[in-house]
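Let's take a friendly walk through this model, from a covered strand to a pocket and a few backbone details. Please keep the 3D view open as you read.

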Amino acid sequence: MKIDPETQTVMLGVRELSEFEICQRSSGRGAGRWRLEAGRTWHQTIQGESQEEFDREKSISGRIERGGWSIQIDGRCDLFRLDEAGLPVFGEIKTVTDPLPLPASELRARFPAYFRQLACYSLLAGESYNLAKSFLLFLNIDTEIRQTVALGPEDLESLETHLDSLVEFLQFTAEQTASRVQLEWNSFRAHPRAGQVQASEDLACAEKTHRVVGFQAQTGFGKTRIVLEHALEAIRAGKADRILYLTGKISGQEQACTEARQLFPDSQGLRSFRMRNHREHWAACPLDGCLQDKCAPPAEERSALPVAELIRHPGHAEEAWDGIRELAENFHHCPYSLSRGLLPFSDLWIADYNYLFSPSSRHIFLEQPGFDPARTWLLIDEAHNLPDRTSSALGGRLDTRLLQNAAEDLREFRTDNTLKATLREIAREIENLHPDRMVDSATLFVFTDLFETASDSLANSPLPWRELTGDTVSTLQALESALFLLEREELHPLLWSPSPGRLEWLPLEVGPWIAETLSGFAQSVFFSATLDPFPSFVSNFGLTEEQCQLVRAEADGTHRFRTAIDTRVQTTLRERKRNASRTTETLRDLAESSGGCVAAFFPSFEYAETIQTYLEAIAPHLRSVLQPRDLNANEREEFARTAPLSHDVLFLMLGGSFAEAVDAFGGIVETAMIIGPGLPELSTLNRIRMDAYPNREEGFHEVCRIPGMRRVNQAIGRLVRSLEHRATVLLHDRRFLEPEYHDLLRKDLGEIATIRNEGDWQDWIGGAG
Ligand code: SF4
């Protein structure tokens, strides 16, 4: 839908118009691709059968005027002919899984958009069409029973009511747009921090010449505020309608909500909304039978949407979420559907990356009425995390036990035997795989063939999705996910078996997918404290350095770190045991001299547990705690807040949640010891990734060294969350001195001391080094 509020014109397709709905309904998960294929096949069959009487795929376009708006509509009708009087007759084919025949009134209630679509063709034909002869042909793709329903005057009336709600939405959009020229906010410019004005100007220059810009600034610099203000300026200048703020961390989303509140404290001017994940909506859902893994309540059982209530957006994201929960209770409505309904009435969408980069979730944003990427500023926070998160979103797994269970589950239903047999065949193929090895090209071909067979049989014999177990639905969706990836050669799909009975897949390259997604947006700005090394970074985004400009913000030059590299040890797997005593003594000395809690970041739990045991033996007076596994977000925050107050040493994981996602250490924990450069495990997958580079060193650098050192830089960043914070950092491994590692260290560590012997260590720990 292309809306031009100035000229009050809108362009959209017939289908888009007839399906226009402020709240998209949940499709109940599951039927996507196969349902589409079955529909396509039946369309072609019926069009073939009718070819003597009807033209197929007839283009129909026209312009209608409603409520001061000029609405340009384009579409293609499945079947078309002129009757004996030369009047147009339209026919639309609709495949359904509902039992047929049904009373016409029931079909109108279940499929209002289909009737509106047919009515729309008639409307575009002007006065001269044959109402009584135009028809919808329903076909149940399971039983193949057909039912024809003639278009009636009530369908034209329903279309008119529908057009009224479209005009109401357009009017709202136009009023919003008009009010934006007066948008005012609390700018950072009133009290800029050191370097902010210059960084903002540099960013503006980069945005003039590049549609994709990177912005790197240290933690506490105020990046979020600057990029948000740039996007607001684009909105005020009429160059954009919306801001999409994506980040992989809930704390980052909350931070964006706080910034929006500070920009507009009186809630006037910008309507922000944080789109939460499905789990949070499910927890707030008042509907009976709402299941987290399978949307059970049929759409028709839900009450009408309180659109007028949604338009009354309170402004701030938190209040908007409270409002959604209240509406869900009061109107007995699905909160997920209500959240989707609020999006068209919100200017700033704050969400997880998945809402744009995951193939299974992106439709929630992309299909919103009035959403136009070409009129949207895309802001990607903590952008260094995006490639890994996108890779996970495109990946998936299958398991022989779940495949066998799904085949059993399907025995209960009248489904094509091919599907059950294919699921068992896939399970057998997975069992035959060598664990810990990549799937060879011949076996890859076999899997592709089996996934396609399963897909075809699902298309030919659709399933009662709501009656299947959640595990069966997930297993069948996993097949869809695997096929999605296998069909995209540019992403270099990779299949392997990590352990007996399991198959996993991932893209070796995510750059093309990210670049394709970014390409539609008016402006993309990705920002982080750790975008370096930039060439590697842009290549992970599928871009070249010419396509993307990096702005590096300089703060006030204050040294906030006191840093040393301890070259007395190496912490490679082979050397760890030999150096365990020295590592333990170093940690003890650091804890005894620091006067506060020390955060010790290790590459693995096993290593951390060993050193903790040693420490308890040589320094029982020091209170230490190991990072608990599997904490949820709240428990994590609680641990980060309380553990430093009651312990002398925290044993934490590099790359784990406490090195990535927790801000509570800032200003509380002032000493960190980083044990080794955080290299990821040399798993089968990483070996395969390394082999994709021209030589081993380059592969190791990209796949291991850069991500490892990024973990190190992020762990250090946990301690300094504002410009006032200070920290002492010991890099405990001589590899940090090697140029390949040293060059990847963050640039704000000040002058880095080198500890070569016990004397250097005692000097440094005593404050003289
Ligand atoms: S919250 Fe419940 S009703 Fe709503 S989409 Fe999710 S499962 Fe369905």
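Buried here means under 20% relative accessible area, exposed means over 50%, and partly exposed is in between, using a 1.4 Å probe and protein chains only. Helices (H or I, at least four residues) and strands (E, at least two) are DSSP runs, numbered from the N terminus. This is a predicted model, in which local features need pLDDT of at least 70 and side-chain atom pairs count only at pLDDT 80 or more, while totals for chains, interfaces and linings use all residues. Residues are numbered from 1 along each chain as its sequence is written, and side-chain values use heavy atoms, with hydrogens and water left out.

**A covered strand**

Let's begin with β14, which spans residues 376–381 and has 6 of its 6 residues buried. Which residues cover the two faces? On one side, Thr-376, Leu-378 and Ile-380 are buried, and on the other Trp-377, Leu-379 and Asp-381 are buried too.

β14 also has strand partners; two strands pair if DSSP finds at least two bridges between them. Strand β9 (residues 242–246) runs parallel to β14 and is joined to it by 5 bridges. Within that pairing, Leu-246 has Ile-380 as its bridge partner. Strand β19 (residues 523–528) is likewise parallel to β14, with 5 bridges between them, and here Phe-527 stands opposite Asp-381.

**Nonpolar cores**

A nonpolar core is a set of buried Ala, Val, Leu, Ile, Met, Phe, Trp, Tyr and Cys residues joined through side-chain atoms within 4.5 Å. The largest one has 122 residues, and those with the most contacts inside it are Ile-71, Phe-138, Phe-357, Phe-365, Phe-451 and Phe-526. Another core of 35 residues lies apart from it, and includes Val-213, Phe-215, Val-227 and Trp-377.

What does Phe-451 touch, leaving aside its neighbours within four places in sequence? Taking contact as heavy atoms within 4.5 Å, the partners of Phe-451 are Leu-398, Ile-426, Leu-479, Ala-482, Leu-483, Leu-486 and Leu-503.

Elsewhere, Trp-764 is found in helix α29 (residues 758–765). Trp-764 counts as buried because its relative accessibility is 2%. Its C-alpha atom is separated by 57 Å from that of Leu-479, and the two residues are 285 apart along the chain.

**The second largest pocket**

On a 1 Å grid over the protein atoms alone, a pocket is an open set of points where a 1.4 Å probe fits, with protein on both sides within 12 Å along at least five of seven lines; lining residues have an atom within 4 Å of a point. The second largest pocket is lined by 46 residues, and Lys-249, Ser-251, Gly-252, Gln-255 and Asp-663 lie nearest its centre. Helix α8 gives the most to this lining, with 7 residues. Other helices that each supply at least two residues include α7 (223–236) and α27 (696–717).

**Backbone details**

Two peptide bonds and two phi angles are worth a look:

| Item | Value | Location |
|---|---|---|
| Leu-100 to Pro-101, cis | omega about 0° | Pro-101: loop between β5 and α3 |
| Asp-532 to Pro-533, cis | omega near -5° | Pro-533: loop between β19 and α21 |
| Gln-8, positive phi | phi near 55° | loop between β1 and β2 |
| His-492, positive phi | phi near 50° | loop between α19 and β17 |

Gln-8 is partly exposed, with a relative accessible area of 24%, and His-492 is partly exposed as well, at 42%.
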